[in-house]
Every structure is written in C-alpha cells, then in structure tokens.
Amino acid sequence: KALRRLANLERLDDDTTNDLLAEKFGYIVSCQVYGNQKKNQDPKAEDIEMLMHRYPHLRIAYIDNIRVNRAGESVYYSVLVKSDGKG
C-alpha cells in the first residue's frame with residue numbers, strides 16, 4: 001500500500017506503478033526436475049507453465065544440462081525462467 005501511495009503522489013499511472021511493483025516483488029520457486037519434464041513433454045511441465053501464466057511474478061529455477069561430446073560428458077548450468085505472458 002505504501003509504495004502504491006508513493007507512486008500516486010509522484011503522479012505515476014497505474015500501468016507504470018504495477019510494472020514497478022512487479023520488479024520489486026516476485027517469487028522464485030526451485031523445481032529441479034522441470035527441465036527434464038519439459039524435454040520429455042511431461043504433463044507436469046504444462047502444470048508449472050500454467051502456474052507461471054496465472055502468477056506473472058513467479059519465476060522457476062532449475063538445473064539443466066547439455067551433452068558436450070559423444071562420450072556423454074555433460075555441462076550443468078542454472079536456469080531461471082518466467083512466463084512470456086502469452087498464456
């Protein structure tokens with residue numbers, strides 16, 4: 001409420017205020033199996049995507065990997081995703 005009131009005093013429109021609040025407050029959830037679910041087209045991945053569309057401030061963090069050679073060696077990296085808003 002206080003940030004919204006401050007934005008009102010500074011004469012910011014509602015869209016700008018909402019954008020600023022979205023940048024200030026968000027939720028990050030760790031879902032380590034999301035990458036594998038998405039690759040395997042698991043319906044659970046669609047459930048997670050539905051949640052991201054329903055809650056636009058939600059971010060999903062997971063560990064992904066790519067194979068770097070024919071011997072099967074992999075490189076692991078962290079990923080943070082959010083909804084594209086077209087859900």
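Is D64 buried or exposed? In this predicted model, D64 has a relative accessibility of 10%. Buried means under 20%, so D64 counts as buried.

D64 takes part in a salt bridge. Its partner is K39. The closest N and O atoms of the two side chains lie 2.9 Å apart. The contact joins distant parts of the chain, with D64 in strand β2 and K39 in helix α3. The two residues are 25 residues apart. The surroundings of K39 can be set beside those of D64. K39 has a relative accessible area of 47% and is therefore partly exposed. The bridge thus pairs a buried acid, D64, with a partly exposed lysine, K39.

The structure has two salt bridges in total. The other one to describe is formed by the side chains of K38 and E49. Here the distance from N to O is 2.6 Å. This pair also links distant parts of the chain. K38 belongs to helix α3, and E49 to helix α4, which covers residues 43-54. Eleven residues separate them. K38 is partly exposed, since its relative accessible area is 46%. E49 has a relative accessibility of 21%. The upper limit for a buried residue is under 20%, so E49 counts as partly exposed.

Aromatic contacts were examined next. The structure holds one aromatic pair. Y34 and Y62 form this pair, with ring centres 5.2 Å apart. Their planes meet at 75°. Planes over 60 degrees apart count as edge-to-face, so that is the class of the Y34 and Y62 pair. Y34 lies in helix α3, residues 34-39, and Y62 lies in strand β2, residues 58-67. The pair therefore ties together parts that are 28 residues apart in sequence. Both tyrosines, Y34 and Y62, are buried.

Helix α3 and strand β2 thus recur in these contacts. Y34 of helix α3 pairs with Y62 of strand β2. K39 of helix α3 is linked to D64 of strand β2. K38, also in helix α3, is linked instead to E49 of helix α4.

The surface charges remain. D13, D14, D15, D19 and E23 gather in a patch of negative charge on the surface. One of these residues, D14, has its place in helix α2, which spans residues 14-24. The relative accessible area of D14 is 56%. Exposed means over 50%, so D14 is exposed.

Terms used
Residues numbered from 1 in each chain as written. Predicted model: local features only at pLDDT ≥ 70, side-chain atom pairs only at ≥ 80, totals over all residues. Heavy atoms only, no water. Patch = residues over 30% accessible without salt bridge, like charges linked within 9 Å, V, L, I, M, F, W, Y side chains within 5 Å. Areas by Shrake-Rupley, 256 points an atom, 1.4 Å probe, with all protein chains shown as cover. Salt bridge = Lys/Arg side-chain N within 4 Å of Asp/Glu carboxyl O. Lys, Arg positive; Asp, Glu negative; His and termini not counted. Charge placed at Lys NZ, Arg CZ, Asp CG, Glu CD. Helix = DSSP H or I, 4+ residues; strand = E, 2+ residues; numbered from the N terminus. Buried < 20%, exposed > 50% of the residue type's maximum accessible area, 1.4 Å probe, protein only. Phe/Tyr/Trp six-rings, centres within 6.5 Å; stacked < 30°, edge-to-face > 60°.
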